[in-house]
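Q: Could you take me on a close look at the ligand site of this model and the lysine that the record marks there? I would also be glad to hear about the surroundings.

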Amino acid sequence: MHPSGQPGGPEDAHHPREADRPGGVAPAGWRDATRVVHAGEPAATPGAPFRAGPVLAAPYHLAAEGPGGADAYGRTDNPTVRALEQAIGELEGGEVVAFGSGMAAITGLLLATLAPGDTVLLPSDGYFKVREFADTVLAERGVTVHTVPTPGPYRLAELAPTLVLLETPANPGLAVCDIAAVAAMSRDLGAVLAVDNTTATPLGQRPLALGADVVVASGTKALTGHSDLVLGYVATADPGLADRLRGWRAMTGAICGPFEAWLAHRSLATLELRLARQEANAAAVVEFLAGRSEVTGLRWPGLDPLARRQLTRMPGLVTFELADEAAATAFLRATRLVANATSFGGLHSSADRRAQFGDPVPAGLIRLSVGCEDPVDLIDDLRAGLAAG
Ligand SMILES: *Cc1c(COP(=O)(O)O)cnc(C)c1O
């Protein structure tokens, strides 16, 4: 490990290119807002900008004797992607491999670690594409797939999984589970524990510090928050696994583009500001919705005692139920500020009816992503939406 406690030090064989590695000098005592502004920045150099621009390159000039540890080809690695990986690594507390989407990161982890005869345990209420992938691609390749609701029970001794994937808070139902407790069980049984940290972001929750072996996440959502890119990553404290994933990424071509990496790194600097505003707005919206007779099944991690203990900040994600499909559709049609759109975590408030995407949820369930607008305007808009339903 680097003296800063971050991966990427000189002894890290996969990163011999210290010259283009960022400074990695974040003092341990820095608080969240400071850490995100400076995450992955290069050391101050007279005449250089605070942040380098994106390096848009496919091939690079080679030395006569070959690559010799330098960049050679853009499918393998890229300096802008490495800067983003350094930044996210500082926040997650592990070594990061960035991918072109959250699904590229998750499927990369699953395919690179699971062999025929292995068993994987997935959340039954988590991101639906992961289950679809497991039930088709993994099952066809001889991997046994089990699912469990996020709150458990986790019968790991009985199922003997090779890999356990948690998603907490889960999308879209926002159920949570105790990461440290499942980590202790997984460790005893020799299972690898991965946690999807998309909804919480590394400022809201640090699964590696809670005992998980791997974090997977979509960078498309709150992490970058501007609804302008698709990105994902894996973080781990296991350098062997990081190497394998980097090898996997180079073979499959699943690396993210340098321009997306650059945009993501730029957006990361405002993560604390955005999350603080989204949490405050979500608290106000939840208070409003709780007083409305049309609304049932209101969920927000801020209302859940386990989430309150495990997360250091609450996401802007709220779910609730309206009477039926017609009421939910009328609500989505009537709001002007809250966009009818999937995805979540952006500056713009948005909402969607999850059943239309095949999530196993009631027909009237709305997932509301509370953005960074003024809460008074937002609540006015929600009031108009409910009046239409
Ligand atoms: C969106 C999402 C994913 C997939 O990420 P993409 O960037 O869309 O591929 C995975 N897990 C969770 C929890 C998500 O919300």
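**A close look at Lys221**

A: Happy to. Lys221 counts as buried because its relative accessibility is 10%, which is under the 20% cut-off. Please keep in mind that this is a predicted model.

Where does Lys221 sit in the chain? Lys221 belongs to the loop that connects β6 (214-218) with β7 (232-236). UniProt, in an unreviewed entry, lists Lys221 under "modified residue: N6-(pyridoxal phosphate)lysine". Leaving aside residues up to four places away in sequence, Lys221 touches Tyr127, Thr198, Ser343, Phe344 and Gly345.

Now to the ligand. It is surrounded by 14 residues, and Lys221 is among the closest, together with Met103, Asp196, Ser218 and Thr220. By character, that shell divides into 5 nonpolar, 6 polar and 3 charged residues. Helix α3 (residues 102-113) supplies the largest share of the shell, with 3 residues.

Several polar atoms come up to the ligand's oxygen atoms. An N or O atom in the side chain of Lys221 is 2.7 Å from an oxygen atom of the ligand. For the side chain of Ser218, an N or O atom lies 2.8 Å from a ligand oxygen. Gly102 takes part through its backbone, where a polar atom is 2.9 Å from an oxygen atom of the ligand. Taken alone, the ligand exposes 380 Å², and the protein buries 93% of that.

The loop that holds Lys221 also contains Ser227. Buried or exposed, what is Ser227? Ser227 is exposed, with a relative accessible area of 59%. Its backbone deserves a glance as well: phi of Ser227 is near 55 degrees, a positive value in a residue other than glycine. Thr201 also has a positive phi, near 65 degrees, and is likewise not glycine. Thr201 lies in helix α7 (residues 201-204) and counts as buried, at 2% relative accessibility.

Following the loop onward brings us to strand β7, where Thr236 lies. Thr236 counts as buried, at 2% relative accessibility. Which backbone atoms does the side chain of Thr236 reach? One is the backbone oxygen of Asp213, at 3.0 Å, and another is the backbone nitrogen of Asp238, at 2.9 Å. Apart from residues up to four places away in sequence, Thr236 touches Gly94, Glu95, Leu208, Asp213, Leu241 and Ala242.

Asp213 also leads to Ala191, since Ala191 touches Asp213 along with Pro161, Thr162, Val164 and Ser186, not counting residues up to four places away in sequence. Ala191 is placed in the loop between α6 (179-189) and β5 (192-196). With a relative accessible area of 7%, Ala191 is buried. From Ala191 to Arg354 the separation is 163 residues in sequence and 32 Å in space, C-alpha to C-alpha.

To finish, here are two cis peptide bonds to look for in the backbone. One joins Gly152 and Pro153, with omega about 5 degrees; Pro153 is in the loop between β3 (144-148) and α5 (156-159). Another runs from Thr168 to Pro169, with omega near -10 degrees, and Pro169 is in the loop between β4 (163-167) and α6.

Notes:
Residues are numbered from 1 along each chain as its sequence is written. This is a predicted model: local features need pLDDT of at least 70, side-chain atom pairs count only at pLDDT 80 or more; totals for chains, interfaces and linings use all residues. Side-chain values use heavy atoms; hydrogens and water are left out. UniProt positions are given in the numbering used here, feature names are shortened, and annotations may be inferred rather than shown by experiment. Helices (H or I, at least four residues) and strands (E, at least two) are DSSP runs, numbered from the N terminus. Buried means under 20% relative accessible area, exposed over 50%, partly exposed in between (1.4 Å probe, protein chains only). Contact means heavy atoms within 4.5 Å. A residue is near a molecule or strand if one of its heavy atoms lies within 4 Å of it. A polar contact is a pair of N or O atoms within 3.5 Å; within protein, one must be able to donate a hydrogen and the other to accept it, and residues adjacent in sequence count only if both atoms are side-chain atoms. Accessible areas come from the Shrake-Rupley method with a 1.4 Å probe; for residues, only the protein chains shown count as cover. Ala, Val, Leu, Ile, Met, Phe, Trp, Tyr, Cys and Pro count as nonpolar, Asp, Glu, Lys and Arg as charged, and the others, Gly among them, as polar.
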